[in-house]
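Biologist: I'm new to this one, so could you walk me through a single part of it up close? I'd like to hear about any empty space shut away inside.

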Amino acid sequence: ALFWIDWNNQQIYRMTASGVGRYIRNAGKSRSKGFELNGEANPFSNLTINASFGYTFAKFREYQLSEKVDYSHNYLPYTHKETVYAGVSYLIPFIGSAVKSLRLNADYTGTGKLYWGEDNALSRGYFGLLNASVDLSVGKAIFSIWGKNLGDCHYAAYSFAMGSTHFGQKGNPITAGISVSLHL
């Protein structure tokens, strides 16, 4: 898929001068263009491989905040340059048994550089997360053991500046769990 988006008067959230509250401001003209590629393969009857890649080039074309501040040609905030996904799933069926199947899953998600504000002063670089699960299907129930961010990647999930103070939220560390779902 290819995309090309032109905006006139794109709306941007800004902090008030006091640092308490936010307001919306029109940001002149912006352009976002890029592509996405997706694919799936089944090299064996029980093996599925998925992959996708997306690239976005998004900038302000015209955005003059004041006589002294011009954000024209800066990157749009909160827009990832790249997104990456690769996943593999293998199904082991059990015929003639109360246990229907065992599914092994693993995936990698990558998120490219993004800027936290229209001034492009703060940014976060590329990071990737590895996730996996094992799903056991018994009757109408599926028992899952799963893990997310198995490489314990340290990344900022969100960040912004309020005046001279910087705020942010860390991304989730290694997370694991057990889930049960019933299909009635």
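How much space lies in the largest cavity?

Modeller: Sure, but keep in mind that this is a predicted model. The largest cavity holds about 50 Å³ of space. If you search the whole structure for cavities of 30 Å³ or more, you get one. As for how one looks for such things, rolling a probe the size of a water molecule over the atoms shows where empty space is left.

Now for the walls. The residues lining the largest cavity are Thr-56, Ala-58, Tyr-75, Leu-76, Thr-79, Lys-81, Lys-113, Leu-114 and Tyr-115. Two elements each give two or more residues to that lining: strand S5 (47-62) and strand S8 (114-115). Sort the lining by class and you find five nonpolar residues, along with two polar and two charged ones.

Let's step back to see what surrounds this spot. The protein chain has 14 strands and zero helices, so reading along the sequence just gives β-β-β-β-β-β-β-β-β-β-β-β-β-β. With a radius of gyration of 22 Å, well over the 16 Å that the globule rule gives for 184 residues, the protein chain is more spread out than a compact globule. Its C-alpha trace spans about 75 × 35 × 30 Å along the principal axes. Of the 184 residues in the protein chain, 28% are buried. The accessible surface of the protein chain is about 11,700 Å², and carbon and sulfur atoms account for 58% of that.

Key
Residues numbered from 1 in each chain as written. Predicted model: local features only at pLDDT ≥ 70, side-chain atom pairs only at ≥ 80, totals over all residues. Heavy atoms only, no water. 1 Å grid on protein atoms, 1.4 Å probe; cavity = no way out; pocket = protein on both sides within 12 Å on 5 of 7 lines; lining within 4 Å. Points joined across faces, edges and corners; volume = space filled by probe spheres on them. Helix = DSSP H or I, 4+ residues; strand = E, 2+ residues; numbered from the N terminus. Nonpolar A, V, L, I, M, F, W, Y, C, P; charged D, E, K, R; others polar. Rg over C-alpha atoms; globule rule 2.2 N^0.38 Å. Buried < 20%, exposed > 50% of the residue type's maximum accessible area, 1.4 Å probe, protein only. Areas by Shrake-Rupley, 256 points an atom, 1.4 Å probe, with all protein chains shown as cover.
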